[in-house]
Amino acid sequence: MTGNRSKATASATQTKIRCRRFHALADPIISGTQIEPRFFEIEFRRELFDQSSVCQLCKNEIHSFDDSTVDHIIPYSRGGKTTRKNGQLAHRGCNARKNANVAAGVFND
Ligand SMILES: [Zn+2]
């Protein structure tokens, strides 16, 4: 039966692909080169914007999705993670101002 043989070959190939994918994910972590992503995914920003389009920094409404960004509640430069727990919606301008303040050392957390 050639049918069975080609099926077995196909599943062996799939296992190899899965294995390679695992290594692609795991290798940077193992070698210590994995760094925290700097930016939130756009899907998360869309979710936050759909829930409430209020800027969490100035408490005013963000009128355009394009003017919104996801701010790190604990600043990225202070070791804040790019995780949903550490993300809040903010105006691009407010976020830039906060980051400038953090850089200048005047940000109080
Ligand atoms: Zn704002």
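Me: How many bridges join β1 to strand β2, and which way do the two run?
Reply: In this predicted model, the pairing partner of β1 is β2, which covers residues 87–91. One pair to look for is Thr69 and its bridge partner in β2, Ala90. The two strands run antiparallel, and the bridges joining them number five.

Me: Nice place to start. In what order do the elements of the chain run from the N terminus?
Reply: There are three helices and two strands to place. Reading from the N terminus, the order is α-α-β-β-α.

Me: Which element of the chain has the lowest mean pLDDT, and which the highest?
Reply: Over the whole chain the average pLDDT is 82, and 65% of the residues score at least 70. Helix α1, residues 2–30, has the lowest mean of the elements, at 59. At the other end, with a mean of 98, is β2.

Me: Is Ser68 buried or exposed?
Reply: Ser68 sits in strand β1. A residue needs 20 or more other C-beta atoms within 10 Å to count as buried. Ser68 has 21 of them, so Ser68 is buried.

Me: What does Ser68 touch, leaving out residues up to four places away in sequence?
Reply: Cys55 is 13 residues from Ser68 in sequence, with 8.0 Å between their C-alpha atoms. The residues that Ser68 touches are Arg45, Phe49, Ile62, Leu89 and His91.

Me: Why is β1 said to be largely enclosed by the rest of the structure?
Reply: Side chains in a regular strand alternate between the two faces of the sheet. In β1, Ser68, Val70 and His72 point one way while Thr69 and Asp71 point the other, and all are buried. β1 is largely enclosed because the count of buried residues in this strand is five of five.

Me: And how many of the five residues of β2 are buried?
Reply: β2 is also described as largely enclosed by the rest of the structure. For the chain, buried residues make up 14% of the 109 residues. In β2, the buried residues number four of the five.

Me: Which residues make up the largest nonpolar core?
Reply: Nonpolar side chains tend to be buried together in soluble globular proteins. Val70 belongs to the largest nonpolar core, and among the residues Val70 touches are Phe40, Leu48 and Leu89. The core has eight residues: Phe40, Leu48, Cys55, Ile62, Val70, Leu89, Ala90 and Cys94.

Me: What share of the contacts with a separation of 6 or more is between residues 24 or more positions apart?
Reply: One pair to picture is Cys58 and His91, which are 33 residues apart in sequence and in contact. Across the chain, the share from residues 24 or more positions apart is 56%.

Me: Where does Cys58 lie, and with which residues is it in contact beyond four places in sequence?
Reply: Cys58 lies in the loop between α2 and β1. With 14 C-beta neighbours inside 10 Å, Cys58 counts as partly exposed. The C-alpha atoms of Cys58 and His91 are 8.3 Å apart. Beyond four places in sequence, the contacts of Cys58 are His91 and Cys94.

Me: What is the phi of Lys59?
Reply: Lys59 is found in the loop between α2 and β1. Lys59 is exposed, as only 8 other C-beta atoms lie within 10 Å and the cut-off for exposed is 12 or fewer. Although Lys59 is not a glycine, its phi is positive, at about 65°.

Me: How far apart in space are Val102 and Pro75, C-alpha to C-alpha?
Reply: Val102 lies in helix α3, whereas Pro75 is in the loop between β1 and β2. Val102 is partly exposed, with 18 other C-beta atoms within 10 Å, and Pro75 is partly exposed with 17. The two are 27 residues apart in sequence, and their C-alpha atoms are separated by 7.5 Å.

Me: What span should helix α3 have, and how far apart are its end C-alpha atoms?
Reply: Helix α3 has 13 residues, 92–104. Just after α3, Gly105 takes a positive phi of about 85°. At 1.5 Å a residue the helix should span 18 Å, and this agrees with the distance between its end C-alpha atoms, 18 Å.

Notes:
Residues numbered from 1 in each chain as written. Predicted model: local features only at pLDDT ≥ 70, side-chain atom pairs only at ≥ 80, totals over all residues. Contact = placed C-beta atoms within 7 Å. Core = buried A, V, L, I, M, F, W, Y, C linked by C-beta atoms within 7 Å. Pairing = 2+ DSSP bridges. Expected span 1.5 Å × (residues − 1). pLDDT = per-residue confidence, 0-100.
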